[in-house]
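Trainee: Got a minute to walk through this model with me? I'd like to start with a helix and then wander a bit.

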Amino acid sequence: MSFIDTPGLLPAFVAEVRPRAHGAGLDLYEYDRVAGGLASLEEWPEAFGGVGRRYVAEGEQAEVEGRAVTAGAAYRCAARWFHAGCLMPHPDRAGAARLAGEADEAMRRSLALLEPEARRVEGEGFAGWLRRPGAAAAPVVLVVPGMDSSKEEFHALVEALLARGVAVLAMDGPGQGVLAATSAPEPDYHRVVGRALDALADLDGLDLDRTAVIGLSLGGYYAAKAAAHEPRLRAAATVSGPYRLEWEALVPFVTETLIQRCGSVAAARDFADRLDLTALAPTITLPLLVVEGGEDRIPGVVNATVLAEHAPNAELLLVPHGNHLLGTALPDWLPTTADWLATRLA
């Protein structure tokens with residue numbers, strides 16, 4: 001039996017994803033209508049993709065009528081909904097790849113209208129959008145998504161950083177977003193971060209002596225790995241990141257997602273076994289902010305609160321009522337985290 005066929009799973013999954021949808025910027029009333037109308041999780045990708053296509057059509061109509069701001073906002077809503085359609089290990093991987101591509105294209109159309117100075121930055125194993133705050137020689141933060149996430153999810157974080165004068169590269173890496181269909185997750189993600197920094201070095205208007213990385217969920221592990229290995233980083237932050245994975249205890253949602261994205265059970269187990277910061281944590285000497293929710297409990301995942309205990313220059317921001325990714329507590333961590341990063345890059 002696959003994950004989506006688990007009896008009685010639908011209402012629990014809808015409730016579990018709801019805070020994440022809120023954090024990603026979906027209107028919760030619309031989310032409740034769409035998710036509440038599903039008869040099974042089999043329908044999830046098409047239902048969410050359908051909403052995304054409706055927003056694309058609204059954007060196209062507004063663009064024809066010369067309402068650029070409305071059109072750009074509609075395309076950005078579409079990107080959020082397309083991405084939300086990928087938030088499960090659905091057996092239709094070709095459909096998931098189409099949704100990821102539609103999310104990427106909708107975000108491109110939004111930026112073309114609202115932020116024409118934004119540009120695509122891509123290379124071996126990564127693809128993302130560089131957005132600038134307008135100031136010359138701006139510092140840069142790389143935003144790294146997680147296991148089933150993508151660069152189209154963390155709009156509020158990106159906007160908070162831009163508002164503080166920081167340029168942002170929101171990126172997909174191997175096994176993520178628009179690259180999920182053509183690559184497997186990469187435990188040595190610091191190499192991906194390094195290649196992204198190399199690409200940014202070719203661009204004007206950035207101060208690469210002031211760079212940082214923030215990773216969310218599995219991206220938190222990636223950010224910590226980059227903090228240990230990439231000397232060009234000045235600071236790093238993790239949000240709901242794992243310290244270690246224990247395969248035998250992981251829930252089916254996690255194992256099925258990893259199996260799909262890694263390509264096999266053996267590859268997924270090997271990937272999970274390599275995700276362990278125990279030996280690496282003491283070597284992370286740059287300023288590190290560890291953001292954790294007190295209600296974040298996923299079987300088989302040892303949370304990164306342990307990382308804050310063993311990394312020499314780490315600070316812990318613990319939000320007792322926060323869940324995984326802290327969509328239930330955005331005001332309690334997001335502004336503080338954006339301030340922390342901007343201050344470390346000042």
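**Helices, cysteines and rings**

Mentor: Happy to. This is a predicted model. A good place to start is α1, which bends by about 35° at Arg 18, with a proline, Pro 19, following within four residues.

Trainee: How far apart are the end C-alpha atoms of α1, and what span should its residues give?

Mentor: Helix α1 covers residues 9–24, so 16 residues at 1.5 Å a residue should span 22 Å, and the end C-alpha atoms are 22 Å apart, which agrees.

Trainee: Which residues of α1 are buried?

Mentor: They are Leu 9, Leu 10, Phe 13, Val 14, Val 17, Pro 19, Arg 20, Ala 21, Gly 23 and Ala 24. As background, an α-helix has 3.6 residues a turn, so residues three or four places apart point the same way.

Trainee: And what do the buried residues of α1 pack against?

Mentor: Their partners are α2 (28–36), α3 (44–64), α4 (68–84), α6 (155–163), α9 (252–262) and α12 (330–344).

Trainee: Let me pick Ala 24 from that helix. What does Ala 24 touch?

Mentor: Leaving aside residues up to four places away in sequence, Ala 24 touches Arg 80, Glu 153 and His 155. Ala 24 has a relative accessible area of 7%, so it is buried. Its C-alpha atom is separated by 26 Å from that of Ala 308, 284 residues apart along the chain.

Trainee: What follows α1?

Mentor: Gly 25 does, and its phi is positive, near 95°.

Trainee: Where can I find a positive phi in a residue other than glycine?

Mentor: Try Leu 325, with phi near 70°. Leu 326 is another, with phi near 55°. For context, most residues other than glycine have a negative phi.

Trainee: Where do Leu 325 and Leu 326 lie?

Mentor: Leu 325 is in the loop between β10 (314–319) and α12, and Leu 326 lies in the loop between β10 and α12 as well.

Trainee: Is Leu 326 buried or exposed?

Mentor: Leu 326 is at 0% relative accessibility, so it counts as buried. Leu 325 is buried too, with a relative accessible area of 9%.

Trainee: What touches those two leucines?

Mentor: Val 239 touches both Leu 325 and Leu 326, and its other contacts beyond four places in sequence include Ile 214, Val 291 and Trp 333. Val 239 lies in strand β6 (residues 235–239) and, at 0% relative accessibility, counts as buried. Val 239 and Val 251 are twelve residues apart in sequence, and their C-alpha atoms are 20 Å apart in space.

Trainee: Changing topic: how many disulfides are there?

Mentor: The count comes to zero. Take Cys 77: the closest cysteine sulfur is in Cys 86, 17 Å away, so the gap is too far for a bond. Cys 262 is in no disulfide either, and the nearest cysteine sulfur, again that of Cys 86, is 17 Å away.

Trainee: How do Cys 77 and Cys 262 stand for accessibility?

Mentor: Cys 77 counts as partly exposed at 24% relative accessibility, whereas Cys 262 is buried, with a relative accessible area of 13%.

Trainee: Now rings. How many aromatic pairs are there?

Mentor: The count comes to ten. In one of them, the ring centres of Tyr 189 and Tyr 222 are 4.0 Å apart and the planes are at 15°, so the pair is stacked. The pair links distant parts of the chain, with Tyr 189 in the loop between β4 (167–172) and α7 (190–200) and Tyr 222 in helix α8 (residues 218–229), 33 residues apart. Both tyrosines, Tyr 189 and Tyr 222, are buried.

Trainee: Which residues do ring pairs link into a cluster?

Mentor: Phe 3, Phe 13, Tyr 31, Trp 44, Phe 48, Trp 81 and Phe 253. Phe 13 takes us back to α1, where it is among the buried residues.

Trainee: Where does an arginine sit over a ring?

Mentor: The charged end of Arg 54 sits over the ring of Tyr 55, 4.9 Å from its centre. Arg 120 lies over the face of Trp 129, at 4.8 Å from the ring centre.

Trainee: One last arginine: is Arg 210 buried or exposed?

Mentor: Arg 210 is buried, with a relative accessible area of 18%. Arg 210 is found in strand β5 (residues 206–216), and its contacts beyond four places in sequence include Pro 139, Arg 234 and Leu 345.

Key. Residues are numbered from 1 along each chain as its sequence is written. This is a predicted model: local features need pLDDT of at least 70, side-chain atom pairs count only at pLDDT 80 or more; totals for chains, interfaces and linings use all residues. Side-chain values use heavy atoms; hydrogens and water are left out. Helices (H or I, at least four residues) and strands (E, at least two) are DSSP runs, numbered from the N terminus. The expected span of a helix is 1.5 Å times one less than its number of residues. The bend at a residue is the angle between axes fitted to the seven residues ending there and the seven starting there. Buried means under 20% relative accessible area, exposed over 50%, partly exposed in between (1.4 Å probe, protein chains only). Contact means heavy atoms within 4.5 Å. A disulfide is a pair of cysteine sulfur atoms within 2.5 Å. Rings of Phe, Tyr and Trp (its six-membered ring) pair if their centres lie within 6.5 Å; planes under 30 degrees apart count as stacked, over 60 as edge-to-face and the rest as tilted. A charge sits over a ring if NZ of Lys or CZ of Arg is within 6 Å of the ring centre and within 35 degrees of the ring normal.
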